[in-house]
Amino acid sequence: MTDGGSTVPDGGSESGNESATPSGESAVPDGEPLLSVDGVHSYYGDSHILEGVDLEVHEGEVVALIGRNGVGKTTTLRSILQLTPPREGSVTFRGEELVGLDTHEVAQRGVGWVPEERRIFAQLSVAENVRAAVPESEDVDAGLERAFDRFPDLRERRAADAGDLSGGQQQMLAVARGLVGGNDLLLVDEPSEGLAPMIVDAVAEALADAAREATILLVEQNLPLALDLADRFYVVDHGTVVDTGDADAVDADSERLRRYLSA
Amino acid sequence: MSTLATLPTLLFLDTLFEFLRPSTLAGVAVEGLSLAALYVMITAGLSLIFGLMGVLNFAHGAVTMLGAYLGGLVTVLLVGGATGDPVRFLAFFVATLVAFGALAALGGGMEIALVRPIYDRPPLYQILLTFGVTLILEELARIVLLFYGIQPISDWQDALATRPAVLGEGLGVAGVAVDGLELFQILFGILTVVGVWAFLTRTRYGLYVRAGSEDDEMLAALGVDVRQVFTVVFALGTGVAGAAGVLLAWDPSWAASVPLAAETLLPAFVVVIVGGLGTFRGTVAAALLVGVTDAIMKWWFQNYVEFTGLPEITVFLVLVIMLIVRPQGLYGVSEVGGH
């Protein structure tokens, strides 16, 4: 889903990241990655959730993080944002170390989050949800207008309480909020969860649009959707990356993926 | 026998007719509004702090008490031997600004130094900590007051004496006799509500406060320094509590004294719980409900039961009824704050 100027080569040789590519055929682009996660170990209390996650995301890519429930995909996104700070390992964004920063400092560097279950501010209006995401250095009204230009449906409901929106509209709002402020990287967690198939199509379209202006790391259980949107994928199992490759090289019911994704 | 049995009924009906007279109703309404104004000022900060941060600040009453003494001190110093009401009003507004600023600084410092390190601990830690701060502030106040020869447990008469004469008089407003102090308190309460409302709905920080009250983690992920917002809100909340204290220093029913800390903390908690934890709209509605109920029951206790020692019990009755009928309060949400 990269645009015409994609840096992702077809087929491709592995470039680094050997430890995370047991099945080979990864098409990691050359050059400095936008985001690099190296040997990250994260915990919830005493529970060891991430056991050395390695992955790279390059500018302009959509990279899918796939795997069963509870294997550490959401925790990987939370560790990048420093919401669940890693105890070991490194997370760099544009070459700058994120471990040790506060979450708001990570966000201020251009990392947006579209979380699982959307987490919109239900008692605030649609416009206020977007306003809350506009950086202090930017003009609030200009940021608001840009978001509404991108998602015209939201403009019509700008004064409504965000909690009164449909699930699809709430997801649009969450994506709009994640893009506000010109974020370079969008961490998107389960965008199709709980949505009707028709709405999922609209959300996929919105994410494809978003991919034109931001790099996306996508966590998604809906495998056809994930592979359709993504340029590359990483499979996560038991807190570590067990496979990676080019999204075009696999299909959703291939044996290669099913062995990691079936319950 | 039957005549004797009808006497209480007649007395009740007679009192009821007296209560329903327009002038009586208006008088009770004004008293209820003035109590509501005091409650909303005492409670606004507590509600903001709990709504955003999930911290039950047991030191809130002690801050109000300090505000009463600090405001009282400023008015005593500024009024001096002057007798004119304009000077006294001016002194009051200066005292309010000083108390607001000083106690906002105290609150901000308290949040950074004491509360911030224990956000991730269970709520009991915050309750014990802020309760401990209350004890320290009360003891410090006692020490300072005794050093200057002021009785800590008695109302501070010097501060009460700086009240403008017009606030001690009955004023005729639209044919209703209204106490000047009550009118002043209502005006001050309206100003507080408008000020806090404007802060919450018209400023970027207010937006952060409302968003953070729903989901502070999400707010941080949008690039907002939530810890800074916490500090600002804690400072604002304690500042408003201090300003409320200045107003209480002029009210003979409250007045500056060390026990004022507990006297204000209890009704403040009642109003916060009745309104719904962490909602300012609920706080205003609950202050009106509790204030007007309090005023009505006071009138009935004075004119029918002829016993004035128990009207405060109605405040807590409102709390008990609310907890049984609608535990989440008037405008409560199922969950607030949270870290």
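The exercises below, each with a worked solution, concern a predicted model.

**Exercise 1. Decide how A:Glu190 is placed and which partners its side chain has.**

Step 1. In chain A, the loop between β7 (185–189) and α7 (197–210) holds A:Glu190.

Step 2. A:Glu190 is buried and has no salt bridge. The nearest side chain of opposite charge belongs to A:Lys73, 4.6 Å away. A salt bridge needs a nitrogen of Lys or Arg within 4 Å of a carboxyl oxygen, so a pair at that distance does not qualify.

Step 3. The side chain of A:Glu190 does reach the backbone nitrogen of A:Gln221, at 3.0 Å.

Step 4. With neighbours within four places in sequence left aside, the contacts of A:Glu190 include A:Lys73, A:Glu116 and A:Gln171. A:Val219, A:Glu220 and A:Gln221 are also among them.

**Exercise 2. Classify the ring pairs B:Tyr69 with B:Trp156 and B:Phe92 with B:Phe93.**

Step 1. A pair of aromatic rings is described by the distance of the centres and the angle of the planes.

Step 2. The structure holds 20 aromatic pairs over all chains. In one of them, B:Tyr69 and B:Trp156 stand 5.7 Å apart centre to centre with 40° between the planes, and the pair is tilted.

Step 3. B:Tyr69 belongs to helix α3 (residues 60–79) of chain B, and B:Trp156 to the loop between α5 (123–147) and α6 (157–160) of chain B, so the pair ties together parts 87 residues apart in sequence. Both B:Tyr69 and B:Trp156 are buried.

Step 4. For B:Phe92 and B:Phe93 the centres are 5.4 Å apart and the planes lie at 85°, so this pair is edge-to-face. B:Phe92 counts as buried because its relative accessibility is 0%. B:Phe93, at 41%, counts as partly exposed.

Step 5. Ring pairs join B:Phe92 and B:Phe93 with B:Phe89, B:Phe184, B:Phe188 and B:Trp250 in a cluster.

**Exercise 3. For the salt bridges A:Arg68 with A:Asp237 and A:Glu145 with A:Arg155, state which parts of the chain they join and whether the residues are buried or exposed.**

Step 1. Over all chains there are 22 salt bridges. A:Arg68 and A:Asp237 form one of them, at 3.1 Å from N to O.

Step 2. A:Arg68 lies in the loop between β3 (62–66) and α1 (73–80) of chain A and A:Asp237 in strand β9 (residues 232–237) of chain A, so parts 169 residues apart in sequence are tied together.

Step 3. A:Arg68 has 22% relative accessibility and counts as partly exposed, whereas A:Asp237, at 10%, counts as buried.

Step 4. In the bridge of A:Glu145 with A:Arg155, the closest N and O atoms are 2.7 Å apart. A:Glu145 is in helix α4 (residues 140–150) and A:Arg155 in helix α5 (residues 152–156) of chain A, so the pair ties parts 10 residues apart in sequence.

Step 5. A:Glu145 is partly exposed at 33%, and A:Arg155 is partly exposed at 29%.

**Exercise 4. Locate A:Ser90 and find the polar partner of its side chain.**

Step 1. A:Ser90 is part of strand β4 (residues 88–93) of chain A.

Step 2. Its relative accessible area is 18%, and A:Ser90 is therefore buried, the limit being under 20%.

Step 3. The side chain of A:Ser90 makes a polar contact with the side chain of A:Glu97, at 2.7 Å.

Conventions:
Residues are numbered from 1 along each chain as its sequence is written. Chains are lettered from A and ligands numbered from 1 in the order in which they are written. This is a predicted model: local features need pLDDT of at least 70, side-chain atom pairs count only at pLDDT 80 or more; totals for chains, interfaces and linings use all residues. Side-chain values use heavy atoms; hydrogens and water are left out. Helices (H or I, at least four residues) and strands (E, at least two) are DSSP runs, numbered from the N terminus. Buried means under 20% relative accessible area, exposed over 50%, partly exposed in between (1.4 Å probe, protein chains only). Lys and Arg count as positive and Asp and Glu as negative; His and the chain ends are not counted. A polar contact is a pair of N or O atoms within 3.5 Å; within protein, one must be able to donate a hydrogen and the other to accept it, and residues adjacent in sequence count only if both atoms are side-chain atoms. Contact means heavy atoms within 4.5 Å. Rings of Phe, Tyr and Trp (its six-membered ring) pair if their centres lie within 6.5 Å; planes under 30 degrees apart count as stacked, over 60 as edge-to-face and the rest as tilted.
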